[in-house]
Each structure stands twice: as structure tokens, then as C-alpha cells.
Amino acid sequence: MRATDQRVSEGCIFCKIAAGKIPVERIAENEELLAFPDIDPQAPVHVLIIPKKHVTSLKEVSDWGLIGRMHQFAVKVAEQKGIAQSGYRVLINTGLNGVQTVLHLHLHLLGGRVMRWPPG
Ligand code: AMP
Ligand code: ZN
């Protein structure tokens, strides 16, 4: 395990959500992953998918299978939320220019409207 792959990061809001210390609608979860609504939705459906174990960002991933499992999970949540047919966008903001504001790896699942391209 790398130093950045701690199980829990003190003060990390998404670690607190994963641990149930901050209540959220737990849309879907398994041993490894949790899906919950974004508090500031940018589309009719805006779900965040996180690993329960703290990983700071895409740059700190050591188990690349995790990224595949997060996407597989997003596909299932998209079906659950009824946007599988109409389509959706998944993305991971990383670093300053990517405007990652919460330093706990998360995948955004956005749908329910046509996405703009290029993104802002
Ligand atoms: P990012 O800019 O990719 O780091 O996205 C972080 C996302 O987390 C933003 O879309 C926020 O609206 C969302 N967010 C921050 N705090 C919470 C929270 N307590 N519950 C749900 N979503 C949150
Ligand atoms: Zn965390």
C-alpha cells in the first residue's frame, strides 16, 4: 500500500460520507464503492461514485482495476436512474486545471439532458 492509499483520510468529506458520518442518499453501494447524489447537481441526474477507501485523485491510483469497476458501477447506476437509453457522461476531474475540488477520487455521472461539448 502506498502512503497516499490510506483507508481513511482525516477530515475528508467523502470519507465521512462513505463511513455514514454524513447522511446522504445511498443510491447504490457494494463493499468497495458508493454512489450518492451531488449536492450541487449540474444536470437532472448527477451522481458521484467513490471508492470507500481513500484515494486522493486519479494520479494516486495504484489499483487500475478500480477505475474499471467504478465505470462498471456507473453503467449500473445509469440503468437504475433511467438514463441508460438516453445517454450520459462520466468524468473524473483531476488537478488544478481539471478543477478537482474534493481530494477524494470520484467519478461524476451526469444525464437527463443533452451535454454540451466542448465542456467549459
Ligand atoms: P470535483 O470538482 O470534481 O472535485 O467535484 C466535487 C463535487 O462534489 C462537486 O460537484 C460538489 O458539488 C460535490 N460535493 C461537495 N460536497 C458534497 C457533499 N457533501 N455531498 C455531495 N456532493 C458534494
Ligand atoms: Zn477520503
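This briefing describes the zinc site, the pockets, the nonpolar core and some backbone details of the structure above. The model is a predicted one. The zinc ion (ligand 2) has four protein donors, Cys 12 (SG), Cys 15 (SG), His 54 (ND1) and His 104 (ND1), and the angles between the donor atoms make the arrangement tetrahedral. The largest pocket has a volume of about 910 Å³, and the largest nonpolar core has 20 residues.

**Zinc site**

- The donor atoms of Cys 12, Cys 15, His 54 and His 104 lie 2.0 to 2.3 Å from the zinc ion (ligand 2).
- The 4 donor atoms subtend angles of 104 to 116° around the zinc ion (ligand 2), and the arrangement is therefore tetrahedral, since that label asks for all angles to lie between 85 and 135 degrees.
- Along the sequence, the donor residues of the zinc ion (ligand 2) follow the spacing C-x2-C-x38-H-x49-H.
- His 54 belongs to the loop between strand 3 (45-51) and helix 2 (65-80), while His 104 belongs to the loop between helix 3 (95-98) and strand 5 (107-111), so this pair ties together parts that are 50 residues apart in sequence.
- His 54 counts as buried because its relative accessibility is 4%, and His 104 is likewise buried, with a relative accessible area of 0%; the cut-off for this class is under 20%.

**Pockets**

- The largest pocket, with a volume of about 910 Å³, has a lining of 33 residues, and those that lie nearest its centre are Asp 38, Gln 42, His 46, Asn 93 and His 108.
- Several elements contribute to the lining of the largest pocket, with at least two residues supplied by each of helix 1 (13-18), strand 2 (33-37), strand 3, strand 4 (88-91), helix 3 and strand 5.
- By class, the lining of the largest pocket consists of 18 nonpolar, 10 polar and 5 charged residues.
- The second largest pocket holds about 200 Å³ of space and is lined by 12 residues, of which Glu 32, Pro 51, Lys 53, Val 55 and Leu 66 lie nearest its centre.
- The lining of the second largest pocket divides into 4 nonpolar, 1 polar and 7 charged residues.

**Nonpolar core**

- Within the 20 residues of the largest nonpolar core, those with the most contacts inside it are Ala 35, Val 47, Ile 49, Met 70, Phe 73, Val 77 and Leu 105.
- Strand 2, strand 3, helix 2 and strand 5 each supply at least two residues of this core, and helix 2 gives the most to it, with 7 residues.
- In soluble globular proteins, nonpolar side chains tend to be buried together.
- Ala 35, which is found in strand 2, is buried with a relative accessible area of 0%; Ala 35 and Phe 73 are 38 residues apart in sequence, and their C-alpha atoms are 8.5 Å apart in space.
- Met 70 has its place in helix 2 and is buried, with a relative accessible area of 0%; from C-alpha to C-alpha, Met 70 and Arg 7 are 17 Å apart in space, with their positions 63 residues apart in sequence numbering.

**Backbone details**

- The peptide bond from Trp 117 to Pro 118 is cis, its omega being near 0°, and Pro 118 lies in the segment after strand 5.
- Val 99 has a positive phi of about 55° although it is not a glycine, and its place is in the loop between helix 3 and strand 5.
- Val 99 counts as exposed because its relative accessibility is 53%, where the class calls for a value over 50%.

**Partly exposed residues**

- Pro 37, in strand 2, counts as partly exposed at 30% relative accessibility; Pro 37 and Ile 92 are 55 residues apart in sequence and 15 Å apart in space, C-alpha to C-alpha.
- Lys 81 is placed in the loop between helix 2 and strand 4, and its relative accessibility of 34% makes it count as partly exposed.
- Lys 81 and Ala 43 are 38 residues apart in sequence, with a C-alpha to C-alpha distance of 13 Å in space.

Conventions
Residues are numbered from 1 along each chain as its sequence is written. Chains are lettered from A and ligands numbered from 1 in the order in which they are written. This is a predicted model: local features need pLDDT of at least 70, side-chain atom pairs count only at pLDDT 80 or more; totals for chains, interfaces and linings use all residues. Side-chain values use heavy atoms; hydrogens and water are left out. Donors are N, O and S atoms within 2.8 Å of the metal (3.2 Å for Na, K and Ca); water is not among the atoms, so sites may look incomplete. Four donors count as tetrahedral if all angles lie between 85 and 135 degrees; four count as square planar and six as octahedral if opposite donors are over 155 degrees apart and all others between 65 and 115; anything else is irregular. Helices (H or I, at least four residues) and strands (E, at least two) are DSSP runs, numbered from the N terminus. Buried means under 20% relative accessible area, exposed over 50%, partly exposed in between (1.4 Å probe, protein chains only). On a 1 Å grid over the protein atoms alone, a cavity is a set of points where a 1.4 Å probe fits but cannot get out, and a pocket is an open set with protein on both sides within 12 Å along at least five of seven lines; lining residues have an atom within 4 Å of a point. Grid points are joined across faces, edges and corners, and a volume is the space filled by probe spheres set on the points. Ala, Val, Leu, Ile, Met, Phe, Trp, Tyr, Cys and Pro count as nonpolar, Asp, Glu, Lys and Arg as charged, and the others, Gly among them, as polar. A nonpolar core is a set of buried Ala, Val, Leu, Ile, Met, Phe, Trp, Tyr and Cys residues joined through side-chain atoms within 4.5 Å.
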